[in-house]
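Grab a pencil and work through these exercises with the structure open beside you. Try each task before you read its solution.

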Amino acid sequence: MLTDSPAFSGFAVPDLDAARRFYEETLGLRVEANPEMDGLLTLHLGGGTDVLVYAKPEHTPATFTVLNFPVPDVETAVDELAARGVRFERYESFDQDDKGIARGPQGPAIAWFTDPGGNIMSVLES
């Protein structure tokens, strides 16, 4: 029944204006405001994928990664994002280098950061 549905994902933020600035200016994403939908944001990602971002005043960020950005070189991506003010997260359960990049046999090189609402995102080497 849903096999060919053009499904999309979404997540909440407490402040749409702060989120829009972060996604556009810091991450360099294509962002569209939808005034007919109370200002909801659509993030237009590579590969034609869209993600809906909506305001939720009592927002509590998830404790898991909500958006992953595959990149050809995770170290370059981390350096560029750090230069734009992005702070990378540290997790006790991962062995991470000085830049916050985890490299290991369980998966690709990956580094996590949060948006202004505390949503966890990552850059991972593809």
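**Exercise 1. The largest pocket**

How do the residues of the lining of the largest pocket divide into nonpolar, polar and charged?

*Solution.* Keep in mind that you're looking at a predicted model. Step one is to list the lining: Thr-26, Leu-27, Leu-29, Phe-69, Pro-70, Val-71, Ala-77, Glu-80, Leu-81, Arg-84, Phe-113 and Val-123. Step two is to sort that list, and you end up with nine nonpolar, one polar and two charged residues. Step three is to ask which elements supply them: strand S5 (65-71) and helix H2 (74-83) are the ones that give two or more residues to this lining. The space in this pocket comes to about 250 Å³.

**Exercise 2. The second largest pocket**

Find which strand gives the most to the lining of the second largest pocket.

*Solution.* Start with the lining again: Ser-93, Phe-94, Asp-95, Ala-102, Arg-103, Gly-104, Gln-106, Gly-107, Pro-108, Ile-110 and Trp-112. Next, match these to elements; strand S6 (102-104) and strand S7 (107-114) each supply at least two. S7 wins, with four residues. If you sort this lining by class, you get five nonpolar, four polar and two charged residues. The volume here is about 190 Å³.

**Exercise 3. Rings that meet**

The whole structure has six aromatic pairs. Work out why the pair Phe-88 and Phe-113 counts as edge-to-face.

*Solution.* First check the distance: the ring centres are 5.8 Å apart. Then check the angle: the planes sit at 75°, and anything over 60 degrees counts as edge-to-face, so that's the label this pair gets. Now place the two rings in the chain. Phe-88 is in the loop between H2 and S6 while Phe-113 is in strand S7, so the pair ties together parts that are 25 residues apart in sequence. Both residues are under the 20% cut-off for buried: Phe-88 has a relative accessible area of 9%, and Phe-113 has 0%.

Now try a second pair, Tyr-91 and Trp-112, which is also edge-to-face, at 5.4 Å centre to centre and 85° between the planes. Tyr-91 comes from the loop between H2 and S6 and Trp-112 from strand S7, so this pair links parts 21 residues apart in sequence. Is each partner buried or partly exposed? Tyr-91, at 26%, is partly exposed, whereas Trp-112, at 7%, is buried.

One last step: look for rings that group together. Phe-11, Phe-22, Tyr-23, Phe-88 and Phe-113 form one aromatic cluster.

**Exercise 4. Strand S3 and its partners**

Describe how strand S3 (residues 40-44) pairs with S2 and with S4.

*Solution.* Take S2 (residues 30-34) first: S2 and S3 run antiparallel and are joined over five bridges. Within this pairing, Val-31 sits opposite Leu-43. The two strands make a hairpin with five residues between them, and Asp-38 in the turn has a positive phi of about 55°.

Now turn to S4 (residues 50-55), which is also antiparallel to S3, with four bridges. Here Thr-42 faces Leu-52. This hairpin has five residues between its strands too, and Gly-47 takes a positive phi near 80°.

To finish, check how covered S3 is: four of its five residues are buried.

**Exercise 5. Salt bridges**

There are six salt bridges in the structure. Which parts of the chain does the bridge between Glu-75 and Lys-99 tie together?

*Solution.* Begin with the contact itself: the closest N and O atoms of Glu-75 and Lys-99 are 2.9 Å apart. Glu-75 lies in helix H2 and Lys-99 in the loop between H2 and S6, so the bridge ties together parts 24 residues apart in sequence. Glu-75 is partly exposed at 31%, and Lys-99 is partly exposed at 31%. Both belong to a salt-bridge network with Asp-79, Asp-97 and Arg-103.

For contrast, look at Arg-20 and Glu-24, whose closest N and O atoms are 3.3 Å apart. These two lie in helix H1 (residues 16-26), four residues apart, which is about one turn of the helix.

Finally, try Glu-89 and Arg-87, which meet at 3.2 Å, N to O. Glu-89 is buried at 15%, but Arg-87 is exposed at 57%.

Conventions. Residues are numbered from 1 along each chain as its sequence is written. This is a predicted model: local features need pLDDT of at least 70, side-chain atom pairs count only at pLDDT 80 or more; totals for chains, interfaces and linings use all residues. Side-chain values use heavy atoms; hydrogens and water are left out. On a 1 Å grid over the protein atoms alone, a cavity is a set of points where a 1.4 Å probe fits but cannot get out, and a pocket is an open set with protein on both sides within 12 Å along at least five of seven lines; lining residues have an atom within 4 Å of a point. Grid points are joined across faces, edges and corners, and a volume is the space filled by probe spheres set on the points. Ala, Val, Leu, Ile, Met, Phe, Trp, Tyr, Cys and Pro count as nonpolar, Asp, Glu, Lys and Arg as charged, and the others, Gly among them, as polar. Rings of Phe, Tyr and Trp (its six-membered ring) pair if their centres lie within 6.5 Å; planes under 30 degrees apart count as stacked, over 60 as edge-to-face and the rest as tilted. Buried means under 20% relative accessible area, exposed over 50%, partly exposed in between (1.4 Å probe, protein chains only). Two strands pair if DSSP finds at least two bridges between them. A salt bridge is a side-chain nitrogen of Lys or Arg within 4 Å of a carboxyl oxygen of Asp or Glu.
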